[in-house]
Amino acid sequence: MVYFEKSQPAPPSLLLEKNKKSGTYRTAEVIARLDKDFYSKCYICGQKNPTTINIEHFMPHRGDRDLMFDWNNLFYACGHCNNVKLAQKEFDEILNCTLKSDQVDRAIAYQFNPFPKEKPHFEVLIPSQKATHAKELLDRVFNGEPTSLKALEGANLRDLLLKSIKEFQELLIDYYKYGKDATFLLKIKQHLNNSIEFTAFKRYIIRHNETLKNEFEHYIID
Ligand SMILES: [Zn+2]
């Protein structure tokens, strides 16, 4: 997870719909704004342009209209992550990626060894109950329960992660190989700053290697 800034104020259609008896929070305006604010990425797994997109209520509304139509409570998530999050009540309380103070990419270690059949490993770095829950959610999303359908979805997600980390790795290799070429630097910066998928894993790689940290950490912008 990485920080996403929610644009303000709330889309006007949201309030209009809230005042209707059978109004919906799924307006074209809300969908477009979420897509833009979250860079078309699921805020939990970091996948870009997922085939199934859900408007997630960060705090489940359970019929409460204020929570249902609260712009700050609406997040962009893929169907897989939304389902995993909904399945367990403790996941109601996780780090909030729209709050800078929650430091979502620093509070958890996003470790992944980029080889086939490897599974990502998550660890809490800045202890809190919200971080522990977020770590457990990420573990469930990527590594799933064996033999469940969710585990198959997790395996598909890991394939996407592997492909993306491999691409990032090659950019880093080429950057040094071709004398710190500006074209590669531009692409590396994109991978670290939200426009491309799985940003948190890439930031973790940079922050936990002394040379890479000195070279690239200052390009990480929240
Ligand atoms: Zn997801």
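Me: Before we look at strands, what does "buried" mean here?

Reply: A residue is called buried when its relative accessible area is under 20%. Keep in mind that we are reading a predicted model. Now take strand β1: 4 of its 5 residues are buried, so β1 is largely enclosed by the rest of the structure.

Me: Which strand does β1 pair with, and how many bridges join them?

Reply: Its partner is β2; the two run antiparallel and are joined by 5 bridges. You can follow individual pairs: Ile53 has Cys78 as its bridge partner in β2, and Glu56 stands opposite Phe75 in β2.

Me: How do I read the side chains of β2, and are they buried or exposed?

Reply: Start with the general idea: side chains in a regular strand alternate between the two faces of the sheet. In β2, Leu74, Tyr76 and Cys78 point one way, while Phe75 and Ala77 point the other way. Both sets are buried, and β2 is mostly covered, with 5 of its 5 residues buried.

Me: On to the metal. Which residues coordinate the zinc ion?

Reply: Look for the sulfur donors: the SG atoms of Cys42, Cys45, Cys78 and Cys81 coordinate the zinc ion at 2.3 Å. To judge the geometry, check whether all angles lie between 85 and 135 degrees, the condition for calling four donors tetrahedral. Around this zinc ion the 4 donor atoms subtend angles of 102 to 118°, so the arrangement is tetrahedral.

Me: What spacing do the donors follow along the chain?

Reply: The pattern reads C-x2-C-x32-C-x2-C. Cys42 sits in the loop between α2 and β1, and Cys78 in strand β2, so this pair ties together parts that lie 36 residues apart in sequence. Cys42 has a relative accessibility of 1% and therefore counts as buried; Cys78, at 3%, counts as buried too.

Me: Now a helix. Which residues of α7 are buried?

Reply: Helix α7 covers residues 182-192, and its buried residues are Phe184, Leu185, Ile188, His191 and Leu192. Viewed down the axis of α7, these buried residues fall within an arc of 120°, so they line one face of the helix. Ala182 and Leu186, on the other side of α7, are exposed.

Me: What covers the buried residues of α7?

Reply: The cover includes helices α6, α8 and α9. While you are there, glance just past the end of α7, where Asn194 takes a positive phi of about 80°.

Me: Since α8 came up, what does Phe201 in that helix touch?

Reply: Phe201 lies in helix α8 and is buried, with a relative accessible area of 4%. Leaving aside residues up to four places away in sequence, Phe201 touches Tyr110, Gln111, Phe112, Pro120, Phe122, Phe142, Leu161 and Ile165. For a distance to try yourself, Phe201 and Asp174 are 27 residues apart in sequence and 19 Å apart in space, C-alpha to C-alpha.

Me: Let us finish with a polar residue. Where is Asn143?

Reply: Asn143 belongs to helix α5, residues 129-143. With 12% relative accessibility, Asn143 counts as buried.

Me: What does the side chain of Asn143 reach?

Reply: There are two polar partners to look up. The Asn143 side chain reaches the backbone oxygen of Pro120 at 3.1 Å, and a polar contact of 2.7 Å joins the side chains of Asn143 and Asp139. Not counting residues up to four places away in sequence, Asn143 touches Lys119, Pro120, Phe122, Leu138 and Arg158.

Key. Residues numbered from 1 in each chain as written. Predicted model: local features only at pLDDT ≥ 70, side-chain atom pairs only at ≥ 80, totals over all residues. Heavy atoms only, no water. Buried < 20%, exposed > 50% of the residue type's maximum accessible area, 1.4 Å probe, protein only. Arc of directions from axis to C-beta. Contact = heavy atoms within 4.5 Å. Polar contact = N/O pair within 3.5 Å; in protein donor to acceptor, adjacent residues only side chain to side chain. Donors = N, O, S within 2.8 Å, 3.2 Å for Na, K, Ca; no water. Tetrahedral: all angles 85-135°; square planar, octahedral: opposite > 155°, others 65-115°. Pairing = 2+ DSSP bridges.
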